[in-house]
Amino acid sequence: LEIIKGIGDDAAYWKSGDFAYCITSDTLIENVHFKFMKGQVNLFANILGKKAVAVNLSDIAAMGSHPMSMLINLGITNDITEKWINDFYDGVTELALKYNCPVIGGDIVKSEILNVTVTCIGYKKLNKKNKNIFLNRESANPGDLVYASGYLGNSKAGLQILNLLKTDLNDNEIYLKNSHLNPVPRIELGIDLNEIGITSCIDISDGLLLDSSRLSEASKVSININSAMLPISDQLKDAFPDAYQDFALGGGEDYELLFTSSAKNKENIKKIAEKNELNL
């Protein structure tokens, strides 16, 4: 067993035999990472289960890893019912089956505040032709191109819309709300990018500016962002015409991949984007 990376990336990782493994853990706490409006605690149980898994799988995606298994610790308050727990784990199971990442253990405890901690393990078969084990934040080079895997700012806008408590949402607002509630981990994209040898990667959980600065600091390079080239959805521009650029730069929880690669990989990245139905 050889520990390769500990603190400082989207996941820690190590080698053992013909395989490498990575592990990540995230906690979601009520009123910090999510909030139930009055009467909505039961409505969002399924959604919370899916999102708790998705945000952890996003870290696995940022490593270019295959999902393997996960552990879930659930801290429940006195008003949480058996039905709520079942609905929560229905959401967990939906994504566990979709991404072939079964729950293999965990714990349920009483708590004063509802909270969820997911620990996710990923793996990769070692390949002598590909020197990359997992993707990381520290290998970007001067002159690399910078990519984002999808639209930025949608989740922040969706949270704003949820907080307005509107009941008559238009199509654009529904789209943005769902972007916040149902993030999509870019698992296949991360695996494909790892195979072609991109230089660095991080998932955008805390906003483009903050996460790009983390990548920049880890790689000891400067990253220049052209705000005119930000990937911004028409729905976001329509719903927030005066704030969409701020949302794209500073809004968190988009869970897209921010990655760098040399210009020689442009055609390979274009093919991967088409395979994953993305516009890169």
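A residue counts as buried when its relative accessible area is under 20%. By that criterion Tyr 255, at 8% relative accessibility, is buried. The structure described here is a predicted model. Its strands include a six-stranded open sheet with mixed pairing and a three-stranded open sheet with antiparallel pairing. The largest pocket encloses about 1200 Å³ of space, and the structure holds zero disulfides.

**Six-stranded sheet**

- The strands of this open sheet follow the order E1-E2-E3-E6-E4-E5, and their pairing is mixed.
- Strand E1 (2–5) and strand E5 (103–110) are the edge strands; each has a single partner strand, so one side of each is left without a neighbour in the sheet.
- On average, neighbouring strands of this sheet are turned by 20 degrees against each other, direction ignored.
- E1 and strand E2 (residues 12–16) run antiparallel and are joined by three bridges.
- Opposite Ile 3 stands Trp 14 in E2.
- The hairpin of E1 and E2 has six residues between the strands, and Gly 8 in this hairpin takes a positive phi near 120 degrees.
- Strand E3 (residues 19–29) pairs with strand E6 (residues 115–125) over 11 bridges, in the antiparallel sense.
- Ala 20 has Lys 124 in E6 as its bridge partner.
- Helix H2 (residues 82–98) lies across strand E4 (66–76), E5 and E6, and its direction is at about 170 degrees to that of E4.

**Three-stranded sheet**

- The order of strands in this open sheet is E7-E9-E8, with antiparallel pairing.
- E7 and strand E8 (200–203) are the edge strands, each pairing on one side only.
- From one strand to the next, the twist averages 15 degrees.
- Four bridges connect E7 and E9 in the antiparallel sense.
- Leu 145 has Ser 261 in E9 as its bridge partner.
- Helix H1 (residues 45–62) lies across E8 and E9 and runs at about 175 degrees to E8.

**Cysteines**

- The structure holds zero disulfides.
- Cys 101 is in no disulfide, and the nearest cysteine sulfur, belonging to Cys 120, is 3.7 Å away.
- Seen from Cys 120, the closest cysteine sulfur is that of Cys 101, and the separation of 3.7 Å is too far for a bond; the cut-off for a disulfide is a pair of cysteine sulfur atoms within 2.5 Å.
- Cys 101 is buried, with a relative accessible area of 0%.
- Cys 120 is likewise buried, at 1% relative accessibility.

**Surroundings of Tyr 255**

- Tyr 255 is located in the loop between helix H8 (244–250) and strand E9 (257–261).
- Its relative accessibility of 8% places Tyr 255 among the buried residues.
- Leaving aside residues up to four places away in sequence, Tyr 255 touches Val 55, Ser 58, Pro 183, Val 184, Arg 186, Asp 203, Ile 204 and Ser 205.
- Ser 58 is 197 residues from Tyr 255 in sequence, yet the C-alpha to C-alpha distance between Tyr 255 and Ser 58 is 6.2 Å.

**Largest pocket**

- The volume of the largest pocket is about 1200 Å³.
- Its lining comprises 44 residues, of which Tyr 147, Ala 148, Ser 149, Pro 231 and Leu 280 lie nearest the centre of the pocket.
- At least two residues of this lining come from each of strand E7 (145–148), helix H3 (154–164), helix H4 (171–181), E9 and helix H9 (266–275).

**Positive phi values outside glycine**

- Asn 100, a residue other than glycine, has a positive phi near 50 degrees.
- Asn 100 lies in the loop between H2 and E5 and counts as exposed, at 58% relative accessibility.
- Lys 220, also a residue other than glycine, has a positive phi near 60 degrees.
- Lys 220 is placed in the loop between helix H6 (208–219) and helix H7 (234–239), and its relative accessibility of 73% makes Lys 220 exposed.

Definitions and conventions:
Residues are numbered from 1 along each chain as its sequence is written. This is a predicted model: local features need pLDDT of at least 70, side-chain atom pairs count only at pLDDT 80 or more; totals for chains, interfaces and linings use all residues. Side-chain values use heavy atoms; hydrogens and water are left out. Two strands pair if DSSP finds at least two bridges between them. Axes are lines fitted to C-alpha atoms, for helices over the stretch in contact, and angles run from 0 to 180 degrees between N-to-C directions. Contact means heavy atoms within 4.5 Å. Buried means under 20% relative accessible area, exposed over 50%, partly exposed in between (1.4 Å probe, protein chains only). On a 1 Å grid over the protein atoms alone, a cavity is a set of points where a 1.4 Å probe fits but cannot get out, and a pocket is an open set with protein on both sides within 12 Å along at least five of seven lines; lining residues have an atom within 4 Å of a point. Grid points are joined across faces, edges and corners, and a volume is the space filled by probe spheres set on the points.
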